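Here are some short exercises to work through with the model open. Try each one yourself before reading the solution.

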Amino acid sequence: MTSSEEKESTGLPFPGQQSPSPDDRMLSRLSKFGLRLPRLGFVPPARFVSQSKQNSSAGSSAVTELHNREKSEHGEVSQYVKNPEYHGFSKDPVADEWNMKVGFFMGISVVLVIGGTFIHYLPDHGMRQWARREAERVICQREQQGLPLIEENYYDPSKIILPSAREE
């Protein structure tokens, strides 16, 4: 790697050149991603209009037939036209609003608040807190008696019954 390539990779200026400002460096970094990032503000056109003349009337009749069929068959009206404050729970505006309020009350108040309180006050899972308290109590008791905290034998060797040599 030559010295000019090193300067380009490290971002150092060439002799006689000013060092780039932090804003210039940020813009150069962002410009690298320009083609990779989707254009967020891009809105496609609403419709395409042909500028060529039609040779036959078959195309226009097909479009008008299709248009007329859409009007006659689709007599449904959007719920947002019937009820501008449509929440998606019911077709009836009164029931829709009532169901929305009950759903949000149950979802937020009951599930989050009461559920969180219930989980917070659950008893000690796995008895971890009890085990720590019991270990601290045993350590204090052994220190008061002058015994080591951990003995070399976990079980009392006099109580262990070993099989005889003949049984093996």
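**Exercise 1.** Is Glu97 buried, partly exposed or exposed?

Solution. First, the ground rules: this is a predicted model, where local features need pLDDT (the predictor's confidence in each residue, from 0 to 100) of at least 70, side-chain atom pairs count only at pLDDT 80 or more, and totals for chains, interfaces and linings use all residues. Residues are numbered from 1 along each chain as its sequence is written, and side-chain values use heavy atoms, leaving out hydrogens and water.

Next, the cut-offs: buried means under 20% relative accessible area, exposed over 50%, and partly exposed in between (1.4 Å probe, protein chains only). Glu97 has a relative accessible area of 36%, so Glu97 is partly exposed.

**Exercise 2.** Find the salt-bridge partner of Glu97.

Solution. Look for a side-chain nitrogen of Lys or Arg within 4 Å of a carboxyl oxygen of Asp or Glu. Lys101 fits, with the closest N and O atoms 3.1 Å apart. Both residues lie in helix H5, four residues apart, about one turn of the helix. Lys101 is partly exposed too, at 48%.

**Exercise 3.** Work out how Arg132 pairs up, and how exposed Arg132 is.

Solution. Arg132 meets Glu136 in a salt bridge at 3.2 Å, N to O. Helix H6 holds both, four residues apart. With 59% relative accessible area, Arg132 is exposed, whereas Glu136, at 39%, is partly exposed.

**Exercise 4.** Check the confidence of the model.

Solution. Start with the average: pLDDT is 74 for the protein, and 57% of the residues score at least 70. Then go by element: helix H3 has the lowest mean (48) and helix H6 the highest (95).

How values were computed: Helix = DSSP H or I, 4+ residues; strand = E, 2+ residues; numbered from the N terminus.
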